[in-house]
Amino acid sequence: MFTPAPQGPGRRSRRRDWVRGLSRATAALLVLFEFTVRGQAHPWRELVAMLLAASVVAAFGGELVRDTWAFRLRLWRHRWPDLLFAVPVVLSLGTGNPRGAAALVVLRLLAREIIDAVAWRPARPMLEALQRRPLTMLVLSVLFTVLMGTLALMFPAATRDGQGAPFMVALFTATSAACVTGLTVVDTGSYFSGFGHWVILSLVQVGGLGIMTITTTLALAFRSQLSARTRGAMQEMLDEETVHGFQRLLYSMMLITVTLEALGALALYPSFRLAPDGRVLEASERAFYAAFHSVAAFCNAGFGLYPDNMMRFVGHPTVNLTLMALVVLGGLGFPVVTSLLDWKLWRSRGVRGAWRFLPVHTRVALIASAGLVVGGAVSWLVLEWNHSLAGLSFGERLLASLFQSVSLRSAGFNSVDIARLGTPMMLISLMLMFIGGSPGGTAGGVKTTTVAVLVFTFRALLRNRSDVELMGRSVPVATVYRACAVTLICVGLLFGLAFLLFAVEPHLPFREVLFEAVSAFGTTGLTTGVTPQLSTAGKLVVCAQMFVGRLGPFTLALAVGLSKGLSSYSFPSTKIVVG
């Protein structure tokens, strides 16, 4: 979030802004034309659409030129969102896609109108109330991202047939991308156009980091002023106690994300030589394929531009190892990655000494993740030898088992056919998808540290210890309560949403529907192939599962009004026989 930019110097804010009015009018005409005259392949339609698109881009450019003259060197500070949007608009125009450029401008103008409406004086009490409830703002920001993504994918420029995606396809795809899940009802590579791919890529990136994290970081980078309430809200969301710590964490998150995704794209670039239809990709297309899969892997989204996802790369070590590294680093969480990058600690203490000085959270997340990866790989190799791994060499089986174990807990890529999964491995997969990644990252699930706290709580009960002990430390009672609450809420919500999915999809097999429900709730994105067969009601239920899974049930519970405050009183104790 950022403070809305002022209207401009001097007395322009009190006069009618004709240039801005022209931008609104042309954008409204384009949207009205594209969505009401859809489906008619007359030459005049294409001509009118191109003229309207050119008008929208020209009016937007006129605004920027006018503001450049008005603000001069302060333009970056006051109009940085417009200038950032201008970059893909110019690139889209350069690739001969004026309708895609116009669609981007329309989305930017719509977002600006919404921000201005929120900052409107009569609406300020509501905005101030929201700023006192950061988690509610977080929920609304995800809904806003899904809304904008749905609208973008419905534009004719978003699909290869020039008709735009139907509402349900656009909503499902936007929700899946913004919630970094990866479930799709159409083939992403062949159904959507280049503009549609860019929209999905943007949604995945925004979904992985969070729209409020990205906008706040950009606002700080461009030296825009943040209100005290906005800073406080972001501090609470990121669980940082100081302003300096919250700003440092934001910059670290952005730097780590950009660096790792760029390195991943460089590693993947040589391997993506062929398109899904077998033709040789041009250099720019290869770069986009590499960037798309790198971002999808780091954000644990699982979207692929190939119809078989990663099955054609089942024995390709570079692609498999690169994607696994990105998925693991994204799933570990930014606090863990940041603590691992403390070079001073490693240099001064050495490997053994540094390990003991790492935060307990980091060590627990690393050990739990490593145990789940190794256990999942061994289970997949043994149980799937004659199922999904049948026909592969030993090396390919080993690599595929490791890849699927890493991907199972949130990423959603598959290098083997998931429809051939045996029932024993499917049960283990349900457990791994439910656990997910670690807190503070791009993965879903109840999180590895939550399960670790529950395991050590169980051990404390067996040893009749009053405190839960973990690596020489006592776990606070509030943390134990929270781990129990998160698990119970997840189980309850998953049961309820899975029940709804069974109710609206009675014709689909039980185990496939159960796998789909857990995959959506854990934002994994793996499917046995039933996603395109879902009815409209089934797609809406899966959308709800992805949304709840991405935000986390505990966040939703706090956002809808449950208090985080401590009670100042307690009742007399009693004895209840359980078990």
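## Salt bridges

A salt bridge is counted here when a side-chain nitrogen of Lys or Arg lies within 4 Å of a carboxyl oxygen of Asp or Glu. In this predicted model, R511 and E512 satisfy that criterion, with their closest N and O atoms 3.4 Å apart. R511 is classed as partly exposed because its relative accessibility is 25%, whereas E512, at 14%, counts as buried.

A search of the whole structure finds five salt bridges, and those that share partners join D277, R279 and E285 into one network. Within this network, R279 pairs with D277 at an N to O distance of 3.6 Å and with E285 at 3.0 Å between the closest N and O atoms. D277 has a relative accessibility of 59% and therefore counts as exposed, while R279, with a relative accessible area of 39%, is partly exposed, as is E285 at 23%.

## Helix α13

Helix α13 comprises 16 residues, 283–298, and spans 23 Å from its first C-alpha to its last, which is close to the 22 Å expected at 1.5 Å a residue. Its buried residues include the aromatic side chains F288, Y289, F292 and F298, together with R286 and H293. Just after the helix, N300 adopts a positive phi of about 60°.

## Internal cavities

The structure contains four cavities of 30 Å³ or more, and the largest of these has a volume of about 100 Å³. The lining of the largest cavity consists of 14 residues, of which V327, V328, G331, R409 and G437 lie nearest its centre. The elements that contribute two or more residues to this lining are α14 (317–332) and α17, and α14 gives the most, with four residues.

## Surface features and a contact of helix α3

Helix α17, which covers residues 360–383, contains V382, and this residue is one of the four that make a nonpolar surface patch of about 340 Å², the others being V374, V378 and L383. Because its relative accessibility is 59%, V382 counts as exposed, the threshold for that class being over 50%.

In helix α3 (residues 75–94) lies F85, which is partly exposed, with a relative accessible area of 30%. The C-alpha atom of F85 is separated by 7.1 Å from that of R108, although the two residues are 23 residues apart along the chain.

Conventions: Residues numbered from 1 in each chain as written. Predicted model: local features only at pLDDT ≥ 70, side-chain atom pairs only at ≥ 80, totals over all residues. Heavy atoms only, no water. Expected span 1.5 Å × (residues − 1). Buried < 20%, exposed > 50% of the residue type's maximum accessible area, 1.4 Å probe, protein only. Patch = residues over 30% accessible without salt bridge, like charges linked within 9 Å, V, L, I, M, F, W, Y side chains within 5 Å. Areas by Shrake-Rupley, 256 points an atom, 1.4 Å probe, with all protein chains shown as cover. 1 Å grid on protein atoms, 1.4 Å probe; cavity = no way out; pocket = protein on both sides within 12 Å on 5 of 7 lines; lining within 4 Å. Points joined across faces, edges and corners; volume = space filled by probe spheres on them.
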